[in-house]
Amino acid sequence: MKILSFLILSCFLIGCKPEKPSQTIVSAEQLRIDSINAQRRKWNDSIAIRNQQNIFKDESGSHRLTFSSDGVAPFSGNIKFEKTYRDTYSVSGNAAAGSNKVSVNGEIIKVSERHLNFDGEIRQKINGKTFVRNKKTTFLNEGKGNFYRLQNKVNADGFIDYIDIYFK
């Protein structure tokens, strides 16, 4: 009986060896799919890089902002262009002389060599009167020099204001 129980116990121990972890076998189809996905990632990455590149000249940096109008001496300041996407810039700047001030904050998209589409706020305080422009508008290079002029020129009093951004 002791021998029989010893034999059963030894067979049980020999039969219950822990199995080695099996190697995962990757099918040919899975290898093909992984190869295709790797190529797609490369392609998508190259598209993303190309989408960040400007179509037009990069205008990043600091530029001169000027204001002139009838009855007010012209004055100037600076406006800073920070690239956020392809031909898209976050802009902020101001010009001031005494109590007269103009500030520009928003986003500009360069849509052609001559047009800058502006979406944001232009706040001006001239001779004690405040006027705010917050509709989408355009700065246009009219071919009179290396500057873009605001096309929404008429202020609340009916006078024409010239707000220009000069590029180097």
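The protein chain in this predicted model exposes about 11500 Å² of surface, and carbon and sulfur atoms supply 56% of that area. What share of the residues is tucked away? Of the 168 residues in the chain, 27% count as buried.

Now for the layout. The chain has two helices and nine strands. If you read along the sequence, you meet them in the pattern α-α-β-β-β-β-β-β-β-β-β. Contacts also reach across the sequence: among those with a separation of 6 or more, 38% are between residues 24 or more positions apart.

**Strand β5 and its partners**

Let's zoom in on β5, which covers residues 115–126 and has two faces. L116, F118, G120, I122, Q124 and I126 make up the covered face. The uncovered face consists of H115, N117, D119, E121, R123 and K125. Try following the numbers along the strand, and you can see how the residues alternate between the two lists.

Which strands does β5 pair with? Strand β4, residues 100–110, is one of its partners, and the two pair in the antiparallel sense over ten bridges. Strand β6, residues 129–133, runs antiparallel to β5 too, with five bridges joining them. Then there is strand β7, residues 137–140, which pairs with β5 in the antiparallel sense over four bridges.

Here are some residues that stand opposite each other in these pairings:

| Residue in β5 | Residue opposite | Citation |
|---|---|---|
| L116 | K110 | β4 and β5 pair over ten bridges |
| Q124 | F131 in β6 | β5 and β6 are joined by five bridges |
| H115 | L140 in β7 | β5 and β7 pair over four bridges |

Two of these pairings are hairpins. β4 and β5 form one with four residues between them, while the hairpin of β5 and β6 has two residues between the strands.

While you're looking at β7, find T137, which lies in that strand. T137 is buried, because its relative accessible area is 13% and the cut-off for buried is under 20%. Leaving out residues up to four places away in sequence, T137 touches L116, N117, F118, L150, Q151 and N152. Three of those names should ring a bell: L116 and F118 belong to the covered face of β5, and N117 to the uncovered one.

**Two residues with an unusual backbone angle**

Most residues other than glycine have a negative phi. Two residues here go the other way. N127 isn't a glycine, yet has a positive phi of about 50°. You'll find N127 in the loop between β5 and β6. D87 isn't a glycine either, and its phi is positive as well, near 55°. D87 sits in the loop between β2 (72–85) and β3 (88–97).

Are these two loop residues buried or exposed? D87 is buried, with a relative accessible area of just 3%. N127, on the other hand, counts as exposed at 56% relative accessibility, since the cut-off for exposed is over 50%.

**Rings and charges**

Next, the aromatic rings. There are six aromatic pairs in total. One of them is formed by F147 and Y166, whose ring centres are 5.0 Å apart, with 35° between the planes, so the pair is classed as tilted. This pair links distant parts of the chain: F147 is in strand β8 (residues 147–150) and Y166 in strand β9 (residues 161–166), 19 residues apart.

How well covered are the two partners? F147 counts as buried at 9% relative accessibility, whereas Y166 is partly exposed at 25%. Y166 has another neighbour worth spotting: the charged end of R64 sits over the Y166 ring, 4.3 Å from its centre.

Elsewhere, ring pairs link F81, Y89, Y148 and F167 into a cluster. It's worth picking out those four side chains in the structure and tracing the cluster for yourself.

**A contact in helix α2**

Finally, head over to helix α2, residues 28–52, where you'll find E29. What does E29 team up with? Its side chain and that of R32 are joined by a polar contact of 2.8 Å. E29 is partly exposed, with a relative accessible area of 42%, because that value falls between the cut-offs of 20% and 50%.

Methods. Residues are numbered from 1 along each chain as its sequence is written. This is a predicted model: local features need pLDDT of at least 70, side-chain atom pairs count only at pLDDT 80 or more; totals for chains, interfaces and linings use all residues. Side-chain values use heavy atoms; hydrogens and water are left out. Buried means under 20% relative accessible area, exposed over 50%, partly exposed in between (1.4 Å probe, protein chains only). Two strands pair if DSSP finds at least two bridges between them. Contact means heavy atoms within 4.5 Å. Accessible areas come from the Shrake-Rupley method with a 1.4 Å probe; for residues, only the protein chains shown count as cover. Rings of Phe, Tyr and Trp (its six-membered ring) pair if their centres lie within 6.5 Å; planes under 30 degrees apart count as stacked, over 60 as edge-to-face and the rest as tilted. A charge sits over a ring if NZ of Lys or CZ of Arg is within 6 Å of the ring centre and within 35 degrees of the ring normal. A polar contact is a pair of N or O atoms within 3.5 Å; within protein, one must be able to donate a hydrogen and the other to accept it, and residues adjacent in sequence count only if both atoms are side-chain atoms.
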